[in-house]
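Visitor: I would like to learn how to read helix packing and empty space in a protein model. Could you take me through it?

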Amino acid sequence: MPKFHHVRRLCAYLLIVAAMLLSIGTAQAATTEGESGRRVALVIGNSVYKTLPSLPNPANDVEEVATTLRAAGFDVTIGVNVDRIGLEDTVRRFLRSTSHAEAGLIYYSGHGIQVGGQNFLVPVDATLETPYDVETQTMPLDLILNHLKQNSRVQLIFLDACRNNPFNAQKFWMAEKLEPVGATRGLARIDSDLGSLIAFSTEPGQVALDGEGALSPYSESFIKRASEPNKEIRQVLTDVRRDVIAMTNGKQVPWENSSLMDSFYFIPAPPPPSVEAMQQVSVPEGAAATKLPIAPPHDETGAALLVTVNQLPKTGTLSFDDKPVEQGAKMPAAALTALSYDSSGVAAGTVGLIGYTVSDPYGQATQGVVAITVSADAGAKLAQLEQQKQLRLADADAYLKTLPRDVDTTIGVGPVEAGLPAVPASAAEMTFKVAALPDEGTLRAGDRVIGFGHVLEAADIPALAYEPQIGTENQPFALTLQAANDNLPPATITFKPALDACDTAAAAPLDLQGVTAGKLPNEIDPDDALPACAEAIKAYPTVARFVYQLGRAQLANRDAKTAFATIKKAMDAGHVRAIYELSSLYEFGASVPRDAAKASEIAKGGAAKGDPFALHSYGKALYYGRGTKADQQLGLRLMLQAADLGHTYAMNELGYIFLNGINVPADPERAIRFYEAGVQRNDIYSLNNLALVYRFGKGAPEDLPKALDLFTRAAEGGQPYAPTNLGRMYRDGIGVAADKAEAVKWLEMGAERGDYWGALDRAILAKEDAAEADSLATAARYFALATAINMPGSGDPKNQAKAALKTLPNAAKKKAEETFAAELTAQEKKALPKTKSLDDRLVQLAKATWVKRNPRYDLF
């Protein structure tokens, strides 16, 4: 029998094998380039409808789909049985996650409707009984898809929503048109743009079946086929189509329209199995069975690997589980570490080779070689190896025990390094398995997305970083690591997502690049926000959101000039909401000359990027022809888009337009639907607007108790005009017993919030009440305040307050002057413009004291 005595010859052979392995790995890496980018998915399933027929499968479908997509590396935003506001919130959370995504996916299962060639997702509280219901009760799919196209390289849309039309109304308002429900059944065809794939569970215009199991036929097949490794998406959908046709006996034929430019794999092939190419072991001479210390192969994903033994030693016997191994034998990878070698009758110095191939489920294979040398002193060497192994295990055990238990991770700043220490050098050859993984957010090691069951090299551990999902603050997420091939206690690290202090202090409402619900301008405390946002910019200089929020803090601090430069910087860095903010500064003339045309031009850019505030602002400009050529049709559509995203300002504007017939025929019922939508979102302006409808019976029968309740809720929420409306009801005894004290309370609240009419009515009430002590001085103060806050274009063009102030005696005015002056410092009084007119002086003092009290200036 031949013997291998020449080590040089053996090493040369092994080097050739290693070179072959390297070339295989390089080729594979080239085929999967780009697959490591961020993947985000919106998964919605609506089953339990309150009025429409319930559907048996969607809620089950999407739970399984979400699990499948998470296994494929998607950060999944899921909504199950969501109503209209829940759908809106879920969609906004998803849209916030899409920035710079490699792939964005939408999977919807539930009722859908096509009207005017557009498709709409139907939430569980929709009734769709009247022509007004689509625009206030559903969500247009195009709105989500268009945003996705702007923010992700690849868009994948899956619609299992092609059920029979169960809706009572057959025509619905779509902007300026009353459109019929689609003449064909199911959903309308969607043409895909470059980089998009649109997949329907059945042909456009046809109806999908729910099937007899817990999942719909389409979802059941999708889950199965998308989980198959290394299968390109178009092949996945071909297999799904074949499955569904078979399951439904040809009654349902899935359809898709693709303009993808590149291949896409749900489960892309990882690098080939990792095998130690050159292993040399020594065994004692004449030993009956020596366990071979072979390093185990592994795969990044932790997939089951298969070992095929291609070559056996020419001498001795190789065995597994006390049975001889034959050439060509196949065994699991774990068996490789349990092989033993019988060297009986084999001379010392003999070298034998084991050649094997390790295959993964993706069709990839790597070869390895083990050189077995029979040696008289091998026993001592094996004992030394065992001792080193025990020391390595002890070091690894100690290392796992010292890993941090809690790791704070900031939301919305990209992957946050976990800060895990390096594995000790003695355990550097060990691998670790992911035994538990956060089910929201994304775990990475460098550019590689880590999934459940994945195997990490020692060098990967300190590179681990976690990117929490938006909306997960104060929720713990556990990562558990364990030694992949050794029985050691696992270690669990808990990630704790948190908002940065700048987001807590100065985030903007409905900011689709933001991370939280946000605050109105008046709610921002500049003492907290300014240092928090300055610190955030220092820590995360590439996050434009923090620059924008610093600008908001500067506005709250009344430093409009500095804020303008900061907001401009944020806009230039790519923060979309900053576009609207800059536009509004031109609109109101804050730190720059008032310029409606400039404001409109800037807002147009924000509207093109789908920002709700910019859509509303530019839509209004178009509708009324302010600063731009009027285009009522486009303006109306843009405001409707803003309302679809939950912008209550747009809902109120639309309500005003339809109630009063501004450039359209008046339609009070349609107006009330938009006001009611705002009330459902606790909008203080919608509460006041709907209260006015019931107070005066315009658009609906007069209902004074309802008006009183709505006015009260609006006033308690901070609405500036509702207190005056309430004060008048108490003053005049309308719908409630007359109560002067209550009237005074509410009118003064309205005045303090900057409502001219509240200040004027309070002044008149004081002037007419001779029994009230210092009533004329009180009247002087409120006439002066009304004059100070009378806004051109929206206040009192006759300025009754200014005229009434002139009629009061100087003694009352002097007393009012003393009251105002007591609120100001000597320096603040000195800063006021010089005037010889007592009336002008009172107006200046009224304005200065009102501004000093810092009322809700944002509401005007």
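Guide: Gladly, and please keep in mind that this is a predicted model. Let's begin with helices: axes are lines fitted to C-alpha atoms over the stretch in contact, and angles run from 0 to 180 degrees between N-to-C directions. Two packed helices are described by the angle between their axes and the distance between the axes.

Visitor: At what angle do helix H27 and helix H29 pack?

Guide: Helix H27 (residues 810–821) and helix H29 (residues 838–852) have an angle of about 30 degrees between them, and their axes are 10 Å apart. Angles under 35 degrees count as roughly parallel, so H27 is roughly parallel to H29. The crossing of H27 past H29 is left-handed.

Visitor: Which residues make the contact?

Guide: H27 contributes Asn810, Lys813, Lys814, Ala816, Glu817 and Phe820, while H29 brings Leu838, Asp839, Arg841, Leu842, Leu845, Ala846 and Thr849. By class, the contact of H27 with H29 has six nonpolar, two polar and five charged residues.

Visitor: Let me try another pair. How do H22 and H24 cross?

Guide: Helix H22 (residues 722–732) and helix H24 (residues 756–768) cross at roughly 30 degrees, with axes that come within 9 Å. These two are therefore roughly parallel to each other, and the crossing of H22 and H24 is left-handed. On the H22 side are Thr724, Arg728 and Arg731, which meet Trp757, Gly758, Asp761 and Leu765 of H24. The contact of H22 with H24 divides into two nonpolar, two polar and three charged residues.

Visitor: Now for empty space. What is the volume of the second largest pocket?

Guide: The general idea is that rolling a probe the size of a water molecule over the atoms shows where empty space is left. Here, the second largest pocket has a volume of about 1,600 Å³. It is lined by 45 residues, and the closest to its centre are Ile294, Ala295, Pro296, Thr337 and Arg392. H9 gives the most to this lining, with seven residues. Other elements that supply at least two residues include strand E12 (278–284) and helix H8 (333–336). By class, the lining has 22 nonpolar, 12 polar and 11 charged residues.

Visitor: And which residues line the largest cavity?

Guide: The largest cavity, with a volume of about 60 Å³, is lined by Arg84, Glu135, Thr136, Ala643, Asp644, Met651, Phe674, Ala677 and Arg681. Helices H4 (133–137), H17 (632–644) and H19 (668–680) each supply at least two residues of that lining. Its residues divide into four nonpolar, one polar and four charged.

Note on methods:
Residues numbered from 1 in each chain as written. Predicted model: local features only at pLDDT ≥ 70, side-chain atom pairs only at ≥ 80, totals over all residues. Heavy atoms only, no water. 1 Å grid on protein atoms, 1.4 Å probe; cavity = no way out; pocket = protein on both sides within 12 Å on 5 of 7 lines; lining within 4 Å. Points joined across faces, edges and corners; volume = space filled by probe spheres on them. Helix = DSSP H or I, 4+ residues; strand = E, 2+ residues; numbered from the N terminus. Nonpolar A, V, L, I, M, F, W, Y, C, P; charged D, E, K, R; others polar. Parallel < 35°, antiparallel > 145°, perpendicular 65-115°, else oblique. Left-handed = near helix turned anticlockwise from the far one by under 90°. Contact = heavy atoms within 4.5 Å.
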